[in-house]
Amino acid sequence: MQTRSQATREHAVHKTLNILQHLQEYVDSCMLNVEEHSQVLVSPGAGITKRKRPSGEGELKQQAQKHFEDHMLPGTPTQDLLPLLKGELLHHQLQGVKWLASLYASGLSGIVSDELDRDRRVQVVGVLSYLRSKGIWGPHLVVVSHPASLGPWACDLQQLLSGSVLLHALDGTPSSRETVVQMCQRPQPCCAQLHGPSESLLPPTTVIMVSLEVLQAELELLSQQMFKYIIVDLAPCPHAPSPSTLSPASTLTNAYSLGTSSPLPQPP
């Protein structure tokens, strides 16, 4: 006499077998469809087997590509203006870069006087990245009022232009002078490389950094170089530099100049 538990087990086994049978039929039907849409062609005598793509595969790929392009996220404002910059700028920093770029395009000099030192540096590095994307990679000159400012400048240049900046701080030694000459006289790439599809084809941004003290001693050397952009950073500077202190920088007139300083005092 069959017990209730035995009947339950037999029913479960029967149900499982039915499921497996339907699954096998489904797999067989899928394999049949694959064989119908994929014809195997064998090259006579060569033993090479080639599989013909389904007739609708090319159309499916085009639809997938169109779907990707339609739904692809647009670039950020920073990426649109500065595609070679490694990082995102704040709105006011980006506006500053646009202003500096417009000054350069008009052949004018300017003064950046944001409250924060890094805001000023970031805007300058941004415009250097912008110039590189337009085929102007340098050499550029950064003049700082105090040697302690060389470190922050180098940090921001290397961080935002990571892998695409050639940087050197002139210290007045013979080897340092030779490095400056080599960096400023390196061969220029042809226009075909400049407009290539890869960023790696573009020359790195070349920046020479120097303090005002070293600039006075190396004025003859630096005046012989054709700098594209000269940045004079007056901060941090406890006292306003005298005209005689800034006169060496003002003699380098073969490039556009840009001054950065703390906010200018308001008139009474």
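Modeller: Helices (H or I, at least four residues) and strands (E, at least two) are DSSP runs, numbered from the N terminus. The model is predicted, and local features need pLDDT of at least 70, side-chain atom pairs count only at pLDDT 80 or more, and totals for chains, interfaces and linings use all residues. Residues are numbered from 1 along each chain as its sequence is written, and side-chain values use heavy atoms, without hydrogens and water.

Colleague: What is the mean pLDDT of the chain?

Modeller: The predictor's confidence in each residue, pLDDT, runs from 0 to 100. In this chain of eleven helices and eight strands, 58% of the residues reach 70 or more, and the mean pLDDT is 74.

Colleague: Over residues 264–268, how many contacts beyond four places in sequence does the model have?

Modeller: A contact here means heavy atoms within 4.5 Å. Residues 38–54, where pLDDT stays under 50, have 18 contacts beyond four places in sequence. Over residues 264–268 pLDDT also stays under 50, and the number of such contacts in the model is one.

Colleague: How far apart are the end C-alpha atoms of helix H5?

Modeller: Helix H5 covers residues 117–133, and its 17 residues, at 1.5 Å a residue (counted over one less than the number of residues), should span 24 Å. The separation in the model agrees with this expected span, because the end C-alpha atoms of H5 are apart by 25 Å.

Colleague: Which residue with a positive phi follows H5?

Modeller: Along the chain, H5 is followed by a residue whose phi is positive, near 90 degrees, and that residue is Gly 135.
The helix that precedes this glycine is mostly covered, with 13 of its 17 residues buried (under 20% relative accessible area; exposed is over 50% and partly exposed in between, with a 1.4 Å probe and protein chains only). The residue asked for, after H5, is Gly 135.

Colleague: Is Ser 129 buried or exposed?

Modeller: Ser 129 has its place in helix H5. Leaving aside residues up to four places away in sequence, Ser 129 touches Leu 82, Leu 84, Leu 85 and Leu 161. The relative accessibility of Ser 129 is 2%, so this residue counts as buried.

Colleague: How many of the residues of strand S6 are buried?

Modeller: Thr 205, Val 207, Met 209 and Ser 211 point one way from S6, whereas Thr 206, Ile 208 and Val 210 point the other way, and all are buried. Strand S6 (residues 205–211) is therefore largely enclosed by the rest of the structure, its buried residues being seven of the seven.

Colleague: In S6, which residue is the bridge partner of Val 165?

Modeller: Two strands pair if DSSP finds at least two bridges between them. Strand S4 (residues 140–144) runs parallel to S6 and is joined to it by five bridges, and Val 142 stands opposite Met 209 in S6. Strand S5 (residues 165–169) is likewise parallel to S6, with five bridges between them, and the partner of Val 165 in S6 is Thr 205.

Colleague: Which elements do the buried residues of helix H7 pack against?

Modeller: In helix H7 (residues 174–184), the buried residues are Ser 176, Val 180, Met 183 and Cys 184. They cover an arc of only 90 degrees around the axis (taken from the directions from the helix axis to the C-beta atoms), which puts them on the same side of H7. The buried residues of H7 pack against S5, S6 and helix H10 (219–223).
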